[in-house]
Amino acid sequence: MATPEQKTVVSSWNEWDRLRHVIVGRADGSCIPPAEPALDAKVPEDSDMRGLHGPRPADTVARANELLDRFCDQLHARGIVVDRPTPIDFNQPVATPDWETGTMFGCMPPRDVLLTVGKEILEATMSYRCRWFEYLCYRPLLQRYYLEDPGMRHEAAPKPRLTDADYRPDYLSGDIGIARRLEWTAARHFVTTEVEPLFDAADVLRFGRDLVVQHGFTTNMKGIDWLQRHFPDHRVHAVNFPGDPYPIHIDATFTPIRPGLILNNPQRRLPEEQRRMFERNDWEIVDAAQPAHNEPPPLCYSSVWLSMNVLVLDPKTVCVEKSEVYQAEQLDRLGMEVVEVELRDAYAFGGGLHCCTADVRRDGEREDYFPVQ
Ligand code: DAV
């Protein structure tokens, strides 16, 4: 006989209310994908990954999974329900009528794919071909939530075609140089064009009735417009962070900690005119502490700023990567209880503590944190 279990409730309106239920990714079968237009623009020019592709080394997968499993145990010990995705065989060619590519990517960062807004979980369009099918890893969970919670909305944004017309050809050369990249990103000349709506879920931050979305390599203005039309009761704000030569995902750049407090990457500051909404409503935007490392770990797409990719458990408690001592000190000074989590050896699989999680349920309702617009 089945044991009576608590049925899933989907509900999460922001990044900080008390976390009750979360998805944590897995490293199984992760691949370094072959070249494709979106990826070429993103892999840092001095990266040890340029030219490599195929399954990641088995010992690094085992190590990443060990750390992810331990993180799950830490969350579980705090009474948080933890679910895991079902990896598919990422090391196989995939195709649509418009393109084909040699492998998929993995399912370590659910944050990139799933956007939870209230009772809805929305599958993002994604903007890399190698990540087009990644939602399949989360379908077993989403189907279960849909059965268990009669109020849950399971939505998927229109799958993009991702033809070459979606990418600017001038980004295809590998050696653009950082100076030119900074000019281009300041001018909002990103790798993705405006042919069709594109967004990754990790470009979106949830602040109650406001959604703050980074316009960059992985999310275009049509994607942001689509989100506004899809969530008509929300106010959707496009933001930029000049200073980032590879603007991918907002969660190593702008990190809300609790109502009224945001950490901002000091190399990627929010422009003056975009700060006003926060300032008018008494939100403080503070420079994040320096990362503890000078370089990302081997075979990693992300920058050292995963230091600020923290997971807030409630407005007084935050998970910080164990080696990121400066970030931990800063959050402690700001009045947070810091929970240390070892994750650095999993960074290469798709990011830090915020990336490797996706909200299912947090306490609280949809509030208006920005009454003065
Ligand atoms: O700074 O490399 C990483 C974001 C991953 N979701 C960065 C951004």
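Is Leu162 buried or exposed? Leu162 is buried, because its relative accessible area is 0%, and the cut-off for burial is under 20%. Bear in mind as you read on that the model is predicted.

**Two residues with a positive phi**

Leu162 belongs to the loop that runs between strand 9 (153-156) and helix 4 (178-186). Its backbone deserves a look too: Leu162 is not a glycine, yet its phi is positive, at about 55 degrees. Most residues other than glycine have a negative phi. His249 is another residue other than glycine with a positive phi, in this case near 70 degrees. You will find His249 in the loop between strand 12 (235-239) and strand 13 (254-258). His249 counts as buried because its relative accessibility is 10%, with the limit set at under 20%.

**Around the ligand**

His249 also brings us to the ligand. The residues around the ligand are Ile248, His249, Asp251, Ala252, Arg268, Ser302, Ser303 and Cys355. By character, this shell divides into three nonpolar, three polar and two charged residues. Several of these residues place a polar side-chain atom beside a nitrogen or oxygen atom of the ligand, as set out here.

| Residue | Ligand atom | Distance |
|---|---|---|
| His249 | nitrogen | 3.0 Å |
| Asp251 | nitrogen | 3.0 Å |
| Ser303 | oxygen | 2.6 Å |

How much of the ligand does the protein bury? Taken alone, the ligand exposes 280 Å², and the protein buries 95% of that. If you are browsing the pockets in your viewer, the space taken by the ligand is the largest pocket.

**Arg268, a member of the shell**

Arg268 is one of the residues around the ligand, and it has protein partners as well. Where does Arg268 lie? Arg268 is in the loop between strand 14 (261-264) and helix 6 (272-280). With a relative accessible area of 9%, Arg268 is buried. Its side chain reaches the backbone oxygen of Ala252 at 3.5 Å, and Ala252 is itself among the residues around the ligand. The side chain of Arg268 is also joined to the side chain of Thr253 by a polar contact of 2.9 Å.

**Arg362 and its backbone partners**

A second arginine worth a visit is Arg362, which lies in strand 19 (residues 357-362). Is Arg362 buried or exposed? Arg362 counts as buried because its relative accessibility is 2%, where buried means under 20%. Which backbone oxygen does the side chain of Arg362 reach at 2.8 Å? That oxygen belongs to Asp17. The side chain of Arg362 also reaches the backbone oxygen of Asn14, at 3.5 Å. As for Ala238, its C-alpha atom is separated from that of Arg362 by 25 Å, with the two positions 124 residues apart along the chain.

**Val9 and Gly335**

Val9 is found in the segment before strand 1 (19-24). The C-alpha atoms of Val9 and Arg361 are separated by 6.6 Å, although the two residues are 352 residues apart along the chain. Why does Val9 count as partly exposed? Val9 has a relative accessibility of 29%, and partly exposed covers the values between the buried limit of 20% and the exposed limit of 50%.

Gly335 takes us to the loop between helix 7 (325-333) and strand 18 (337-341). Gly335 is exposed because its relative accessible area is 52%, and exposed means over 50%. From C-alpha to C-alpha, Gly335 and Pro315 are 9.8 Å apart in space, and they are 20 residues apart in sequence.

Definitions and conventions. Residues are numbered from 1 along each chain as its sequence is written. This is a predicted model: local features need pLDDT of at least 70, side-chain atom pairs count only at pLDDT 80 or more; totals for chains, interfaces and linings use all residues. Side-chain values use heavy atoms; hydrogens and water are left out. A residue is near a molecule or strand if one of its heavy atoms lies within 4 Å of it. A polar contact is a pair of N or O atoms within 3.5 Å; within protein, one must be able to donate a hydrogen and the other to accept it, and residues adjacent in sequence count only if both atoms are side-chain atoms. Accessible areas come from the Shrake-Rupley method with a 1.4 Å probe; for residues, only the protein chains shown count as cover. On a 1 Å grid over the protein atoms alone, a cavity is a set of points where a 1.4 Å probe fits but cannot get out, and a pocket is an open set with protein on both sides within 12 Å along at least five of seven lines; lining residues have an atom within 4 Å of a point. A molecule sits in a cavity or pocket if more than half of its atoms lie within 2 Å of its grid points. Ala, Val, Leu, Ile, Met, Phe, Trp, Tyr, Cys and Pro count as nonpolar, Asp, Glu, Lys and Arg as charged, and the others, Gly among them, as polar. Helices (H or I, at least four residues) and strands (E, at least two) are DSSP runs, numbered from the N terminus. Buried means under 20% relative accessible area, exposed over 50%, partly exposed in between (1.4 Å probe, protein chains only).
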